[in-house]
Amino acid sequence: KEAIAMGWELLTEVYKLPKDRLYITYFGGDEKLGIGPDLEAKQYWLDLGIEPIRVIPFGSKDNFWGPCGPCSEIHFDRIGGRDASHLVNLDDPDVLEIWNLVFIQYNREPDRSLRTLPSKHVDTGMGLERVVSVLQNKRSNYDTDVFAGIFEKIRTLTGARPYGGRVGADDEDGLDMAYRVVADHVRTLTFAISDGGYPSNEGRGYVLRRILRRGARYVRKKFDVPIGNFFSSLVPSVLESMGSAFPEITKKVDHLKEILDEEELSFAKTLDRGEKLFDACVSKAKDEGSKVLNGADVWRLYDTYGFPVDLTRLMAEEIGFTVDENAFLEEQALAKEKSKGEKSSGKGDAVALDIHALAEVEKNTSIPKTDDNLKY
């Protein structure tokens, strides 16, 4: 109740968004899950004086959030002066979700069943860039001042034409897409590494490594400038736009730049070698009269030479080729089985506590609580 009231107050009284452009969604129930409609949330919205026609039910696909519980969203119509209720949740660029309230009350068990959580709460999510685009009356997040400073720094470093906001076929030289990719990626890397993440070959570390490598290839291919310290050169523009609101990213800037340079320089060498090996794979396919890259060769590019698979797929797509995914997955599975056998010896048993077990531990007064003060 309080989260709904505060969200509505912030958007309509503080940000002064017109109420006749806002639409509310709530969970309309799901027979398969055995959960009825969230009429409680619906009533809270109606109690704020919102017209019933603007409070719309949706099923699990749109209004039941994964980890998990029913959610209620606020959508904004950029155009106004019309009834846009039929456009809500249809991915219309002018009717977009800007606020989400998730009522976290279940844990999805391994068998996909729902089990009530020992502690429940409301998770509030506001789309920062989306709200900024609404407040600045810009149709795209990338046209707001959130990205303007980063785009200008990219232009200065590369000598490229200014960002033009073009998409699809209108972006004939692909530079506007490159601007967006590089700006998005340097922001992600800045926040993630400042928060303790580190590029590596496993898990979320590998996600960061892939992000940097994808961005670096756009820098070299589309902006035609050398890579090695490009992303670290963009960091000051990210700090300028985001640092006052997120001071954490300003604490270890030298450390951040060092990691970015190390990764980017390493990838520059990998890219040089990988592009030559990729060209060899393409030549082999052409000799066989095919436009499908051998899956085993693609796996070897990654496993032996460290060339990212998603990058191989992207490069193949650019020249009208595809990857034999079945053969690739077979090679990957064989490698994993081999690796599993090598790691199995000497491995002890691990104790894993699920969220319900952790709640029981929390209630047990004989178990001392961890002192978290040093984290803050």
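This passage walks through the fold, cores, empty spaces and a few single residues of a predicted model.

Residues are numbered from 1 along each chain as its sequence is written, and side-chain values rest on heavy atoms, with hydrogens and water left out. Because the model is predicted, local features need pLDDT of at least 70 and side-chain atom pairs count only at pLDDT 80 or more, while totals for chains, interfaces and linings use all residues.

The protein chain has 13 helices and 8 strands, taken as DSSP runs (H or I over at least four residues for helices, E over at least two for strands) and numbered from the N terminus. Along the principal axes, its C-alpha atoms fill a box of roughly 70 × 60 × 50 Å. Of the 376 residues in the chain, 40% are buried; here buried means under 20% relative accessible area, exposed over 50%, and partly exposed in between, with a 1.4 Å probe and protein chains only. Contacts (heavy atoms within 4.5 Å) between residues at least 6 apart in sequence join residues at least 24 apart in 66% of cases.

Next come the cores. A nonpolar core is a set of buried Ala, Val, Leu, Ile, Met, Phe, Trp, Tyr and Cys residues joined through side-chain atoms within 4.5 Å. The largest one holds 58 residues, of which Ile-154, Val-182, Phe-223, Phe-231, Leu-260 and Leu-293 touch the most other members. Two or more residues each come from α5 (145-158), α6 (175-194), α7 (203-222), α8 (230-242), α9, α10 (295-303) and α11 (309-318). Helix α9 gives the largest share of this core, 11 residues. Apart from this core lies another, of 21 residues, including Leu-22, Phe-76, Leu-96 and Val-134. As a close look at one core member, Phe-223 is in contact with Ile-154, Thr-158, Ala-160, Leu-175, Ala-178, Tyr-179, Val-182 and Tyr-218, leaving aside neighbours within four places in sequence.

Turning to empty space, rolling a probe the size of a water molecule over the atoms shows where such space is left. On a 1 Å grid over the protein atoms alone, a cavity is a set of points where a 1.4 Å probe fits but cannot get out, whereas a pocket is an open set with protein on both sides within 12 Å along at least five of seven lines; lining residues have an atom within 4 Å of a point. Grid points are joined across faces, edges and corners, and a volume is the space filled by probe spheres set on the points.

The largest pocket encloses about 560 Å³. Its lining has 20 residues, and Asn-201, Trp-299, Tyr-302, Asp-303 and Lys-336 are the closest to its centre. At least two lining residues come from each of α7, α10, α11 and α12 (325-343), with α12 giving the most, 9 residues. Sorted by class, the lining has 6 nonpolar, 4 polar and 10 charged residues; Ala, Val, Leu, Ile, Met, Phe, Trp, Tyr, Cys and Pro count as nonpolar, Asp, Glu, Lys and Arg as charged, and the others, Gly among them, as polar.

There is 1 cavity of 30 Å³ or more, with a volume of about 30 Å³. Cys-281, Lys-284, Ala-285, Glu-288, Leu-293, Asn-294 and Asp-297 line this cavity. Helix α9 (residues 253-287) supplies the largest share of that lining, 3 residues.

Several single residues deserve a visit. Arg-209 sits in helix α7 and is buried at 13% relative accessibility. Beyond residues up to four places away in sequence, Arg-209 touches Pro-199, Ser-200, Asn-201 and Glu-263. Thr-144, in the loop between α4 (128-135) and α5, is buried at 1% relative accessibility. With the same sequence neighbours left out, Thr-144 touches Val-132, Ser-133, Gln-136 and Lys-138.

The structure holds 0 disulfides, a disulfide being a pair of cysteine sulfur atoms within 2.5 Å. The sulfur of Cys-71 is 11 Å from the closest cysteine sulfur, in Cys-68, and is therefore too far for a bond. Cys-68 is buried at 0% relative accessibility, and Cys-71 is buried at 2%.

Finally, the backbone. Most residues other than glycine have a negative phi. Asn-89 has a positive phi, near 65°, and lies in the loop between β4 (69-77) and β5 (95-108), where Asn-89 is buried at 19% relative accessibility. Arg-112 also has a positive phi, near 75°; this residue is in the loop between β5 and β6 (114-126) and is exposed, at 56%.
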